[in-house]
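Reader: I'd like to go through the labels people put on a model like this. Can you show me the reasoning behind each one?

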Amino acid sequence: MSSGEFLKEYTIPLLAEEGLPLVVLKMMDDKNKICPFVTSDGCKVYQDRPWSCRMYPVFPSSSGEEGFIIKEGDSCLGCKEEKLWTIEGWKKDQGIDIYDKMNESYEEITLHDYFLKGNKLDPEKSKMLYMACYDLDEFKRFLFETRFFDVYDVEKGIIERVREDEEELLSFGYKWVRFNLFGEDTLRLKDKVFDKILQAKRKE
Ligand code: SF4
């Protein structure tokens, strides 16, 4: 299933006030609103379960202080296990590191000063962010089936890693978003493209 098909079938798109596109998982249409991936044999996407499912029942403290809280006393069978875990041991066991890393990079965008100063994204920029952060197959198509690498100066080795590895692709997407939304130097235009833009600016 492509990322576009997944987004269409399993998520609900939302748009925050500042134009930030968000997606939430579409729960089942029953009274308990259960996750669409839960089966009588457990999670059918277990290897690819998201951050919150890996962390559960541990949650970062919401009081603003560093730390975690443990949610207890509901239907999670894990809560009935007798083995004691440290938070770090739990995170390691659940393979959280790469999810934490990607979440941190995502938050550097969504909690950016640009938004804190009251700026909003126009629909074009919202679409750009949605594609680069969520619809990775479409973003990959955009990179490799347009003249993208004629415009941006990207090393050959990085291009190959972005082509082969989805984590590299997502990290590259974050860089592209930061370059275009916030004017940060996370990417570089090719000299000839930069010169053309300068000339056009001088003519204005
Ligand atoms: S682990 Fe997460 S994705 Fe899997 S069934 Fe449970 S809630 Fe759904």
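Author: What follows is a set of questions about terms, each answered by setting a value against its cut-off. Keep in mind that this is a predicted model.

Reader: Fine. Start with the overall picture: how many helices and strands are there?

Author: The protein chain has 11 helices and six strands. Its C-alpha trace spans about 70 × 40 × 35 Å along the principal axes. Of the 204 residues, 8% count as buried.

Reader: Now the helix pair. Why are H7 and H10 called roughly perpendicular?

Author: Helix H7 (residues 136–144) and helix H10 (residues 166–182) pack at an angle of about 75°. The label covers 65 to 115 degrees, so H7 and H10 come out as roughly perpendicular to each other. Their axes are 11 Å apart.

Reader: Which residues make the contact between them?

Author: On the H7 side they are Leu136, Phe139 and Lys140, and these meet Glu166, Leu169, Leu170 and Gly173 in H10. By class, that contact has four nonpolar, one polar and two charged residues.

Reader: What makes up the largest nonpolar core?

Author: It has 12 residues: Met128, Leu129, Met131, Ala132, Cys133, Tyr134, Phe139, Leu143, Val162, Phe172, Trp176 and Val177. Helix H6 (123–133), H7 and H10 each supply at least two of them, and H6 gives the most, with five residues. To be in such a core a residue has to be buried and joined to the others through C-beta atoms within 7 Å.

Reader: What does Ala132 touch, leaving aside its neighbours within four places in sequence?

Author: Ala132 is in contact with Phe139, Gly173, Trp176 and Val177. Phe139 also belongs to the H7 side of the contact with H10.

Reader: On to the loops. Why does Leu189 count as partly exposed?

Author: Leu189 has 14 C-beta neighbours inside 10 Å. Buried takes 20 or more and exposed takes 12 or fewer, so Leu189 falls in between and counts as partly exposed. Leu189 is found in the loop between H10 and helix H11 (191–203). Not counting residues up to four places away in sequence, Leu189 touches Val151, Tyr152, Asp153 and Phe194. With Val151, the separation is 38 residues in sequence and 5.9 Å in space, C-alpha to C-alpha.

Reader: And is Gly95 buried or exposed?

Author: Exposed: Gly95 has 11 C-beta neighbours inside 10 Å, and the limit is 12 or fewer. Gly95 sits in the loop between helix H3 (87–93) and helix H4 (97–110). Gly95 and Asp195 are 100 residues apart in sequence and 45 Å apart in space, C-alpha to C-alpha.

Reader: How do you know that Lys33 is exposed?

Author: By the same sort of count: Lys33 has 9 other C-beta atoms within 10 Å, so Lys33 is exposed. Its place is in the loop between strand E2 (21–25) and strand E3 (38–39). The backbone there has a phi near 50°, a positive value in a residue other than glycine.

Reader: Where is the cis peptide bond?

Author: It joins Tyr56 and Pro57, with omega about 5°. Pro57 lies in the loop between helix H2 (51–55) and strand E5 (58–60).

Reader: Last one: which residues are around the ligand?

Author: They are Cys35, Phe37, Val38, Cys43, Val45, Arg49 and Cys53. By class, this shell has six nonpolar, no polar and one charged residues. Cys counts as nonpolar here and Arg as charged.

Methods. Residues are numbered from 1 along each chain as its sequence is written. This is a predicted model: local features need pLDDT of at least 70, side-chain atom pairs count only at pLDDT 80 or more; totals for chains, interfaces and linings use all residues. A residue is near a molecule or strand if its C-beta atom, placed from the backbone, lies within 6 Å of it. Axes are lines fitted to C-alpha atoms, for helices over the stretch in contact, and angles run from 0 to 180 degrees between N-to-C directions. Helices (H or I, at least four residues) and strands (E, at least two) are DSSP runs, numbered from the N terminus. Angles under 35 degrees count as roughly parallel, over 145 as roughly antiparallel, 65 to 115 as roughly perpendicular and the rest as oblique. Two residues are in contact if their C-beta atoms, placed from the backbone, lie within 7 Å.
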